[in-house]
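Here's a quick walk through this model, going from one turn to the sheet, then to the helices and the core. Keep the structure open as you read.

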Amino acid sequence: MRNRAMRRFQHGVFLIEVLVAITIFAIGILAMISMQAVSIAAQNDSQYRAEAEHLIDQLTSQMRLNVGHDPTTGTLLAADFTALAHQATTDARCSFSGAASANAIVTDWVKTVKGQDSGGNAIVGKGLPGVTDARLQVLANSSVAGINQVRVTICWQGANDKAAHSHSVVAYLD
């Protein structure tokens with residue numbers, strides 16, 4: 001008699017155990033899906049940051065090769081060096097203004113960063129997302145004699161990013 005009462009008491013317990021197990025499994029699956037989304041976002045940011053570093057390295061290499069030097073002293077020509085400046089005024093984080101550089105090295109580089117060909121036409125899959133002229137800056141600082149410092153900053157913003165990302169490099173030209 002007692003076994004019969006115990007059996008009635010346990011009716012539906014197995015169903016509750018199954019429902020709890022399915023709930024725990026579903027929560028685990030949802031956590032894995034959200035971790036994958038975060039992982040993809042981090043991978044995209046890493047890819048864009050590496051591309052920004054590569055683009056800045058290209059620019060500073062071109063500057064080192066093509067900036068004029070005085071034939072007698074070997075020092076950089078001041079006019080060539082200051083012509084590298086692009087959007088030299090910082091208005092806010094990732095918001096630059098000022099004169100755009102007329103230097104061919106810098107103007108070609110700006111087009112490359114923006115994903116454009118030499119005519120200014122967009123090339124699909126090239127450049128960093130969300131880059132505009134106001135998100136690129138090249139500062140040329142020669143205030144200390146003999147030290148020619150260039151600071152290059154690129155800001156980009158992907159379609160799903162809430163804020164702009166930036167990457168800056170300081171290089172010295174001699």
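S3 and S4 make a hairpin, with six residues sitting between the two strands. In that turn, glycine 146 has a positive phi of about 85°. Bear in mind that this is a predicted model. Six bridges hold S3 and S4 together in the antiparallel sense, and one of the pairs puts asparagine 141 opposite glutamine 149 in S4.

Step back and the hairpin turns out to belong to an open sheet of three strands, in the order S3-S4-S5, with antiparallel pairing. S3 and S5 are the edge strands; each has a single partner, so one side of each has no neighbour in the sheet. From one strand to the next, the twist averages 15°. S4 and S5 also run antiparallel, pairing over nine bridges. Among those partners, tryptophan 156 is matched with histidine 165 in S5.

Now for the helices. H2 packs on the sheet and touches S3, S4 and S5, with its direction at about 25° to that of S5. H4 lies across S3 and S4, and it runs at about 150° to S3.

How do H2 and H4 sit against each other, and at what angle? They pack at about 165°, with 10 Å between their axes. That makes the two helices roughly antiparallel, because angles over 145 degrees count that way. Their crossing is right-handed. On the H2 side, the residues that meet H4 are Leu55, Ile56, Leu59, Gln62, Met63 and Asn66. Their counterparts in H4 are Ile105, Val106, Trp109, Thr112 and Val113.

Some of those names come back in the core. The largest nonpolar core has 24 residues, and Leu59, Met63, Trp109, Val113, Leu128, Ile154 and Leu173 have the most contacts inside it. At least two core residues come from each of helix H2 (13-66), helix H4 (104-113), strand S3 (136-141), strand S4 (148-156) and strand S5 (165-173). In soluble globular proteins, nonpolar side chains tend to be buried together. Methionine 63 is a good one to click on: setting aside residues up to four places away in sequence, it touches Leu84, Val106, Val138, Val150 and Leu173.

Finally, have a look at a few loop residues. Histidine 86 is in the loop between helix H3 (78-82) and strand S1 (89-92). Is histidine 86 buried or exposed? Its relative accessibility is 3%, so it counts as buried. Apart from neighbours within four places in sequence, histidine 86 contacts Ala99, Ala100, Ser101, Val106, Val110, Asp133, Leu136, Gln137 and Val138.

Glutamine 87 is also found in the loop between H3 and S1, while cysteine 94 is in the loop between S1 and strand S2 (95-97). Glutamine 87 has a positive phi despite not being a glycine, and cysteine 94 likewise has a positive phi in a residue other than glycine. Here are their values:

| Residue | Phi | Relative accessibility |
|---|---|---|
| Glutamine 87 | near 50° | 9%, buried |
| Cysteine 94 | near 60° | 8%, buried |

Both glutamine 87 and cysteine 94 count as buried because the cut-off is under 20% relative accessible area.

Conventions:
Residues numbered from 1 in each chain as written. Predicted model: local features only at pLDDT ≥ 70, side-chain atom pairs only at ≥ 80, totals over all residues. Heavy atoms only, no water. Core = buried A, V, L, I, M, F, W, Y, C linked by side-chain atoms within 4.5 Å. Buried < 20%, exposed > 50% of the residue type's maximum accessible area, 1.4 Å probe, protein only. Helix = DSSP H or I, 4+ residues; strand = E, 2+ residues; numbered from the N terminus. Contact = heavy atoms within 4.5 Å. Pairing = 2+ DSSP bridges. Axes fitted to C-alpha atoms, helices over the stretch in contact; angles between N-to-C directions. Parallel < 35°, antiparallel > 145°, perpendicular 65-115°, else oblique. Left-handed = near helix turned anticlockwise from the far one by under 90°.
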